[in-house]
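Could you walk me through this structure, step by step? I am new to it and would like to ask a few questions.

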Protein chains: 2
Amino acid sequence: MSQLTAQQRYELITRGLDEVLGGDAIMKILEENERAPRCYWGTAPTGRPHVGYLVPLTKLADFLRAGTLVKVLFADIHAFLDNLKAPIELVKHRANYYERLLIAVMRAIGVPTDKLVFVLGSSYQLSESYNMDCYRLAANVTEHDAKKAGAEVVKQVASPLLSGLLYPGLQALDEQYLDVDFQFGGVDQRKIFTFAEHYLPKLGYAKRAHLMNAMVPGMNGAKMSSSDADSKIDFLDTPADIARKIKSAYCMEGEVENNGVLAFVGAVLMPIIRLRNESVAGGQTLSDGISKSWVSESAPANTLFSISRPEKFGGGSIDYSTYEELVNDFRERKVHPADLKKAVIDALCTLLEPVQKLLAEDEEFCRIKALAYPEDEPKAKKKKVSKKTLPPNLAPYFVKEEGGSAETEEEALARAAADGFEYKKKGKKANVAAVTQGVENLNVSK
Amino acid sequence: MSQLTAQQRYELITRGLDEVLGGDAIMKILEENERAPRCYWGTAPTGRPHVGYLVPLTKLADFLRAGTLVKVLFADIHAFLDNLKAPIELVKHRANYYERLLIAVMRAIGVPTDKLVFVLGSSYQLSESYNMDCYRLAANVTEHDAKKAGAEVVKQVASPLLSGLLYPGLQALDEQYLDVDFQFGGVDQRKIFTFAEHYLPKLGYAKRAHLMNAMVPGMNGAKMSSSDADSKIDFLDTPADIARKIKSAYCMEGEVENNGVLAFVGAVLMPIIRLRNESVAGGQTLSDGISKSWVSESAPANTLFSISRPEKFGGGSIDYSTYEELVNDFRERKVHPADLKKAVIDALCTLLEPVQKLLAEDEEFCRIKALAYPEDEPKAKKKKVSKKTLPPNLAPYFVKEEGGSAETEEEALARAAADGFEYKKKGKKANVAAVTQGVENLNVSK
């Protein structure tokens, strides 16, 4: 980024943020210009990432454009601990899934990814030195401080777990072990960040800077349950799914607070176009695989978002070069929710098109996807068998008393599985009788 | 221990205990007789161990006699964390000190030490698998349960530290990682032990048995401050020191509750003689280095303790084959505190004599002692200097303004230290003036 001054790079790094703590340390690195500033953003690879992830990713794109080394931490151990039922291997597949998806998104945005690195938490969070530091932290941090730090981020439950008290400390140590100059996150992380600033120096480590994004309401709005999976837009959703989900999003005419559709324009769609415009202005050629622009072709050069109006309401397009103008127009009902939604649907589909194309052609990604989210794969149709259709070679798997050779149900099932048969019991509890007597209680498929 | 039956070994292991949880699992191992039962007892190697340690050690002697593999865990990481000022290297020296001392004591008691092993906590408590299990525990254990478990053992302070919440879990994992059948400790550990019984199976590990000693009042009694270092009897104290300390111990005539002197006879002195008698009865020859007996030579064979009475009160000795008899006589004032104390002084000196001889001749122990407790080593006599006797070569260490060549006080002190001079400031706060002007404020010694 040699063509940008230190000041310009600093502005790129900090623009649009809700809060910056310790920015002078970043400025110093930029002014000295001897090495790239380094930052980290952490996420737990759990469910399939939805387009809400574009909010932090858009900011990471700014960091990358400013020549920052961006480390994405996949907190696999945390993800595993948060849901002890998912084996750690599954979590690692999910981290792979996230990584390929994130790279594809950065390419679609048109941001260089040579300074984007991915780190698995388990690659260092189980090391001797990290753990000694965990213990040292635990001997310094009071319960009270740990609880306060996690108040906004750790799930608040009636009977809190110890892990919730450990997380703030672990996240602080990550800054040291990832060797970064600043950590980036949502402003909901503020107490975790100030906790880190307070405690790292107590272990003899440097205090890091902290950059915080404003919280952006989800596309599902505040009025819909966040557990409503159908309202989350997956990166791999078809244009029809995307249209359906955005059409059902909460977005009342004239209402600009908690309007996830509007916020998405300001936090994701406009910044991406701005980055593209800056690249073009900087004389760079747009890379292959970058999304097409969703701004009206006839719009002025500095346009960041365009909304077309139906012919019956006058037609044409309104072009916005700032988010504030759009918000004002929406508040004053100059923009109708249906028109806003249509523009967002078009933009998002346009943005995701090369992402989905790239991933669909990536055989390794398809393999990883099946491993990471096997429940989303199309299921092989089970062949129902009755006593009559039971293949004669299944008999040996049944328990001895019934003429088979296996001793217990577990043994019978294991033998059958080893030979490629899958038994699925209908009842909650298995018992030998179910295996030996009722074939109607079993689905056997091969 | 092939000459003992499983039942006899079980009785040896469990005798005199306050409580046994899960004894049937130990009995099963003894009855199967395919391997030695394994146990662990943990201690944090901090200050120099005092003779109060003889209480658990006497019980460990029972375990060893019964053919148990006894693992002594030196919780060096815990010791380090409890006092972050002591560097971990110092703690390791202290563990060495403890180890040699314990072996010497076991030899003096006459117990085989081939099944006595010592393990440093740091040898496994920083490993990947242990730490993964720590995290797994933290994701299962509630704050409430952790706090309850540590209530009697963890220091209760106004602003509790996270480490206090972690300790119960770490101690539970130690059972698994030390691969033992039971853990031994004082009954103050009860809640930690039942916590381990509850949580280890949740990680897929076996529930262990727990053997608990009654709490024995210290030799300093309940009426003296436990922080009174002078009241603690060190294993290396001279007979004169031992006599002085025991003579000043709280031990009121007829008072048997909270009588540390009386309790010491029941928990340490009698069991050791009983073990000796059992060895002799079992046809074993007493090993070299074993303490002489402190029981009156004329006493019957089953005597465990003897108290001589002064000639003016009738003379002769009273011999006890059970602790209860002694307690009754003391309660009924048939035994005077002075006579009891004299008998305990004689017994303890007799017990420690070969321990101290062995350690004094052990050059490696003397070297370790100096490393482990440097503050206890005889100090080089400081040479007091006044302005008049101040060597002229000290001038360069002073700060520039005062005619020296150093820039700051720190620099002056560092230079002087590098040349072998020690500056000791009298005031709480150092300032340049104190170094440069007032030699009367400094002790300089070389």
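Here are my questions, each with its reply.

Me: What rotation superposes chain B on chain A?
Reply: Happily! Keep in mind that this is a predicted model. The two chains superpose with an RMSD of 0.1 Å, and the shift along the axis is 0.1 Å. That is the relation of a two-fold axis. The rotation is 180°.

Me: How many of the interface residues of chain B, in percent, are also interface residues in chain A?
Reply: The copies meet through the same surface, because the interface residues of chain B recur as interface residues in chain A. The share is 100%.

Me: Which residues have the most contacts inside the largest nonpolar core?
Reply: In general, nonpolar side chains of soluble globular proteins tend to be buried together. Here the largest nonpolar core has 87 residues. It draws at least three residues from each of domain 1 (6–213) and domain 2 (229–376) of chain B. The residues with the most contacts inside this core are Phe305(B), Leu340(B), Val344(B) and Leu348(B).

Me: Leaving aside neighbours within four places in sequence, which residues are in contact with Leu348(B)?
Reply: Contact here means heavy atoms within 4.5 Å. With those sequence neighbours set aside, the partners of Leu348(B) are Val51(B), Leu54(B), Met219(B), Ile233(B), Ile242(B), Ile246(B) and Phe264(B).

Me: Where in chain A does pLDDT stay under 50, with 11 contacts beyond four places in sequence?
Reply: Chain A has a mean pLDDT of 85, and 82% of its residues reach 70 or more. The stretch you ask about, with its 11 contacts in the model, is residues 221–227.

Conventions:
Residues numbered from 1 in each chain as written. Chains lettered and ligands numbered in written order. Predicted model: local features only at pLDDT ≥ 70, side-chain atom pairs only at ≥ 80, totals over all residues. Heavy atoms only, no water. Least-squares fit on C-alpha atoms with pLDDT ≥ 70 in both. Core = buried A, V, L, I, M, F, W, Y, C linked by side-chain atoms within 4.5 Å. Buried < 20%, exposed > 50% of the residue type's maximum accessible area, 1.4 Å probe, protein only. Domains from an automatic or database assignment. pLDDT = per-residue confidence, 0-100.
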